[in-house]
Every structure is written in structure tokens, then in C-alpha cells.
Amino acid sequence: MLMAVVLLSLSAGADEHPLSISLADGDARVAFTGEYRARFLHNGGKDFNPGANFDAVTQRVRVGLAVELWEKFRFVAELQDVRAWGEETDPSADFAANAFDLHQGYLEVKPLPWLTLQVGRQEMRYDAQRLIGVGAWADQSRAFDAVRARVETKHYAAHFFFAKLAEKDSANGATLDKDFGGLWFRASRLAYFRPSLYALIDTDYAVDRVRHTYGLFVDGEFNGFKYATEFYYQTGKKGGTSIDAFLAAANVSYRFDLPLSP
């Protein structure tokens, strides 16, 4: 199987280098964001089947707006269009915009310097994103319909969240609810030892599943070495079957200086 990818990406994010305007003597700030990502993908022998080749150009376009008031309130809306070139065979007649979506749309309130509350559709990413992340490889990426409380100080952070993955009373066709929630705690006082703790629960009532995930992620760096190790344990049930699973992983890298720069 051969897979080749050529990627072009241009972006300006609200937390990176936005185009922003300050209003009302600095009490209000408006930031505009945008991203264009085009990717050519050649996949030869897909699924190890002879002749199962795939060649396409896909693209992602995002346009966003963030409004901040008195450093207490923040509103974010980010629109997204994901499609493959040639998907619309008759551009003059197709106006359904099937690939157009709201990637993020949330309200953020900061009642205290160390407390932030978020409600709405939002990205969530933690540590190496093995358990909770945005799935950046996929053009559509990932966001959650969630409420989240973030308690953050200089060296410690604790996040509590609840996300609705499927709602039986909505128009998405779900027969029963799917929910996801949990707690994440991070200590970063020591550069060579930064642990994160997880306690998560996800439910899928259509298959009678209640699953708990507990875990530890630790990373750090010292003398040019970087490491990350993680361990997770799952328990619960799915129908009449018990869940009992674990995952362990570790990686180590070393950075050294060369006499040349590219």
C-alpha cells in the first residue's frame, strides 16, 4: 500500500496571530480568523486490494470571529466548509452547501481570574490527544457540544466538562442518547515531571454501554531529553459483557544542535 500526501495550509487563529481591532478604549476586542488547507492524497492499494486506488484533492476553509468584552466575556463563531474538488458536478445548479457547517460556536465567561466557563460547540484537546482531541488529520476535525469549567493557575489546571454526543430528541436520527464527561487535572510546576490525571465516563444507551476510563499521562524534559508516558484503564459494561481493558505507551526523544541550519 502506498499513500502520499501533499498539504498546503494557510491560517491565522485567534490564539496565534489574529487580525484584531480594539474598541471602546480597549474594553472590547474583535479578532478575525481564517484558514485555508488543501491536500492532495494518493492512496495506492487501499485496504490491500489491487486496483483500489484513490486520488483526490480535498480542502478545508474556515472563517471565524471572536468578540471579547472587558476581559470577562468572549464569543467565538467559526464557520467551516470541507469538500473534495469536483464534488459538485454542476456548480451553477448545486446550492445546497452540504459540506458547510459550524465548527465552533461558544460563549466564554470569566467570573474570576482563575475560573473560565465555556458553553457551546468547542474544540477540546488534552495532552497528546490520545483520549480527547481535535483529530487534526481529518479535514473536518472535531468539536464537542459541551459545557466546560476551567480552573487554571500558573502551575495547576483542572477542567470539568460534559458533552452531548447524540440526543434522541434532536433531528440527528439518534435512537438514544450518547453522553461524555469527565475531569482532567494537570500539574506543571516541574519542567521534568508534569503529570495529568483523567477520570472519564461515556455512555451509549443504544447499545447499553457505560464505560469508565481512568488514566495518568506524564511528560517532561531535561538536558535535551523529552519523554511522555501514559497509562489508561477502562472498566464498565456493554450489554451483558464486562469491559476490562488497559493501554500503556511511552516515547523518548533527544534534541541536539547541528552546526548548520537549513
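Good morning. I would like to begin with one residue, R148, which is buried and yet has no salt bridge. The nearest side chain of opposite charge belongs to E108, and it lies 6.7 Å away. A salt bridge would require a side-chain nitrogen of the arginine within 4 Å of a carboxyl oxygen. Please keep in mind throughout that this is a predicted model.

Where does R148 sit? Its place is in strand β8, which covers residues 144-152. What does the side chain of R148 reach? One partner is the backbone oxygen of E123, at 3.3 Å. Another is the side chain of Y126, with which the side chain of R148 makes a polar contact at 3.0 Å. If we set aside the neighbours within four places in sequence, R148 is in contact with several further residues, among them T116, L117, Q118 and Q122. The list also includes M124, H159, F160 and F161.

Two of the residues just named lead us to the aromatic rings. Y126 and F161 belong to a cluster, linked by ring pairs, that also includes F144, F180 and W184. In total, the structure holds 11 aromatic pairs. Let me take one of them as an example. The ring centres of F225 and Y254 are 4.7 Å apart and the planes stand at 45 degrees, so this pair is tilted. The pair links distant parts of the chain, since F225 is in strand β13 and Y254 in strand β14, 29 residues apart. Are these two residues buried, partly exposed or exposed? F225 has a relative accessibility of 38% and therefore counts as partly exposed. Y254, at 45%, also counts as partly exposed.

I now turn to the strands that carry this pair. Strand β12, residues 209-222, pairs with strand β13, residues 225-238, in the antiparallel sense over 14 bridges. Within this pairing, G215 has Y232 of β13 as its bridge partner. The two strands form a hairpin with two residues between them, and N223 in the turn has a positive phi of about 50 degrees.

On to the next strand. β13 is joined by 14 bridges to strand β14, residues 241-254, and the two run antiparallel. Here the bridge partner of Y227 is V252 in β14. Once more there is a hairpin with two residues between the strands, and in this turn G239 has a positive phi of about 65 degrees.

Let us go back to an earlier part of the chain. How many bridges pair strand β5 with strand β6? There are nine, in the antiparallel sense, between β5 (residues 73-84) and β6 (residues 100-112). In this pairing, V76 has Y106 of β6 as its bridge partner. β6 also pairs antiparallel with strand β7, residues 115-122, over six bridges. Between these two, L107 is matched with V119 in β7. A hairpin of two residues joins β6 to β7.

I shall finish with a loop. N49 is placed between β3 (28-44) and β4 (54-69). With a relative accessible area of 42%, N49 is partly exposed. Its C-alpha atom is separated by 42 Å from that of A77, a residue 28 positions away along the chain.

To return to the opening point, R148 is buried without a salt bridge, while its side chain makes a polar contact with the side chain of Y126. Thank you for your attention.

How values were computed: Residues numbered from 1 in each chain as written. Predicted model: local features only at pLDDT ≥ 70, side-chain atom pairs only at ≥ 80, totals over all residues. Heavy atoms only, no water. Helix = DSSP H or I, 4+ residues; strand = E, 2+ residues; numbered from the N terminus. Buried < 20%, exposed > 50% of the residue type's maximum accessible area, 1.4 Å probe, protein only. Lys, Arg positive; Asp, Glu negative; His and termini not counted. Polar contact = N/O pair within 3.5 Å; in protein donor to acceptor, adjacent residues only side chain to side chain. Contact = heavy atoms within 4.5 Å. Pairing = 2+ DSSP bridges. Phe/Tyr/Trp six-rings, centres within 6.5 Å; stacked < 30°, edge-to-face > 60°.
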